[in-house]
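Trainee: I have a structure open and want to learn to read it. Can we go through it together?

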Amino acid sequence: MKKKLTTLLVLVTLSLTGISAFGQDATIKWTPVYDGLSYTALEASEPLQKIFVARIDTSKAVSYFVTERNTDYAPDERETWRETTAGFLKKNDLEVAINANFYSPFTAQTIREPGNSFLISTAVSDGVVVSTPTPDFPTFAIHKDGKFEIRAYEEDENLDDIEQAVAGSKIVLKDGKVPEIDDDSIHPRSAIGYSADQRYLYLVAIDGRQEGYSVGAKLEDVGKALLRVGASEGLNLDGGGSTTLVFKGSDGEPIVVNRPCNGTVDKLRFNGNSFGVNFNGELKTELKDGRK
């Protein structure tokens with residue numbers, strides 16, 4: 001009886017604070033952007049963080065898309081053609097997109113211009129393998145039956161059942177818990193995650209390297225941010241100056257809602273690949289460009 005009363009007290013306390021038993025912040029207000037696509041901007045302190053989140057209702061998403069193979073494709077050499085995530089969204093007529101895999105070559109020149117890239121670990125676009133897995137860089141996969149999965153894939157693992165996939169550096173949320181990660185570095189971050197019932201998919205951008213505005217996040221902070229918005233599983237993607245979360249505006253032009261640390265209104269990093277989602281219906285809310 002005492003145990004039951006203690007459990008009840010904990011649940012009531014969580015309810016009063018707006019925090020669910022799974023860590024989700026029930027007080028978050030979501031702005032509808034398209035039917036099935038919502039947005040929120042959050043803040044955190046210690047360290048100072050600006051967090052931007054797209055929430056995708058998977059029952060209303062029309063399709064998902066990952067950067068396709070380069071027309072002059074060669075594995076581990078010319079896998080994709082670098083483009084900004086904003087350019088990726090506009091070219092493919094998507095409603096929301098985020099940068100994805102780590103990539104190479106990565107130099108002061110290649111991040112500023114289009115060109116050939118090869119990706120670090122798994123990438124699949126419309127069922128076509130763009131880059132093969134590396135076990136140390138886990139994969140977010142959408143299977144052909146629509147189910148999501150985040151895990152490490154072996155180098156020779158069969159990918160025939162995967163429709164879309166991207167890869168990141170670390171799993172930051174597993175079964176609703178943030179794992180211990182031996183990495184205290186603070187950077188801008190991008191991440192992808194989904195709810196326990198797979199009803200919602202989340203795209204997260206955390207700005208950084210901008211004192212007085214947002215300094216960035218540790219990997220554990222990324223897991224906490226995903227948990228806060230409702231995810232139970234999460235993967236850290238390429239970050240730093242690559243971090244870009246973009247929506248389609250009323251005129252069809254991309255709106256970058258975060259403030260990339262090396263981005264201006266007309267200059268964004270050219271990334272190895274990106275992940276995006278398409279929806280039907282009219283725009284409900286015009287968002288503001290975070291760089292202005």
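Mentor: What follows is a set of short questions and answers on helices, loops, charges and backbone angles.

Mentor: This is a predicted model, where local features need pLDDT of at least 70, side-chain atom pairs count only at pLDDT 80 or more, and totals for chains, interfaces and linings use all residues. Residues are numbered from 1 along each chain as its sequence is written, and side-chain values use heavy atoms, with hydrogens and water left out.

Trainee: In which helix is Leu226 found?

Mentor: Helices are DSSP runs of H or I with at least four residues, strands are runs of E with at least two, and both are numbered from the N terminus. Leu226 falls in the run of residues 219–229. That helix is α3.

Trainee: Is Leu226 buried or exposed?

Mentor: Buried means under 20% relative accessible area, exposed means over 50%, and partly exposed lies in between (1.4 Å probe, protein chains only). Leu226 has 0% relative accessibility. Therefore Leu226 counts as buried.

Trainee: Which residues does Leu226 touch, leaving out those up to four places away in sequence?

Mentor: Contact means heavy atoms within 4.5 Å. One of the partners is Tyr202, which is 24 residues from Leu226 in sequence but 7.6 Å away in space, C-alpha to C-alpha. The full list is Val172, Leu173, Ala191, Ile192, Gly193, Tyr202, Val204, Ala231, Gly234 and Leu235.

Trainee: Why is α3 described as largely enclosed by the rest of the structure?

Mentor: Look at its buried residues: Leu219, Asp221, Val222, Gly223, Ala225, Leu226, Leu227 and Val229. They pack against strands, including β2 (37–44), β3 (49–57) and β14 (170–173). The helix is largely enclosed because of its buried count, 8 of the 11 residues.

Trainee: Which residue follows α3?

Mentor: Check the backbone just after the helix. The residue there has a positive phi, near 125°. It is Gly230.

Trainee: How many salt bridges does a search of the whole structure find?

Mentor: Side chains of opposite charge can pair when their charged atoms come close. A salt bridge is a side-chain nitrogen of Lys or Arg within 4 Å of a carboxyl oxygen of Asp or Glu. The search finds 14.

Trainee: How many residues apart in sequence are the parts tied together by Asp93 and Lys248?

Mentor: Asp93 and Lys248 form a salt bridge, with the closest N and O atoms 3.0 Å apart. Asp93 lies in the loop between α2 (85–91) and β6 (96–99), and Lys248 in strand β18 (residues 245–248), so the pair ties together parts separated in sequence by 155 residues.

Trainee: Of that pair, which residue counts as buried?

Mentor: Asp93 has 45% relative accessibility, so Asp93 is partly exposed. At 15%, the buried one is Lys248.

Trainee: How far apart are the closest N and O atoms of Glu149 and Arg151?

Mentor: Both residues are partly exposed: Glu149 at 22%, Arg151 at 27%. Their salt bridge has its closest N and O atoms at a separation of 2.9 Å.

Trainee: Which residue forms a salt bridge with Glu83?

Mentor: Glu83 is buried, at 13% relative accessibility. Its partner is partly exposed, at 48%. The closest N and O atoms are 3.4 Å apart, and the partner is Lys91.

Trainee: Where is Pro47 placed?

Mentor: Most residues other than glycine have a negative phi, and most peptide bonds are trans. The bond joining Glu46 and Pro47 is cis, with omega about 0°. Pro47 sits in the loop between β2 and β3.

Trainee: Which residue is joined to Ser104 by a cis peptide bond?

Mentor: This partner lies in the loop between β7 (103–104) and β8 (116–119). Omega of the bond is near 0°. The residue is Pro105.

Trainee: What is the phi of Asp76?

Mentor: Asp76 belongs to the loop between β4 (63–66) and β5 (80–81). Asp76 is exposed, at 54% relative accessibility. Its phi is positive in a residue other than glycine, near 60°.

Trainee: And what is the phi of Asp126?

Mentor: Asp126 is in the loop between β9 (123–125) and β10 (128–131). At 43% relative accessibility, Asp126 is partly exposed. Though not a glycine, Asp126 has a positive phi of about 50°.
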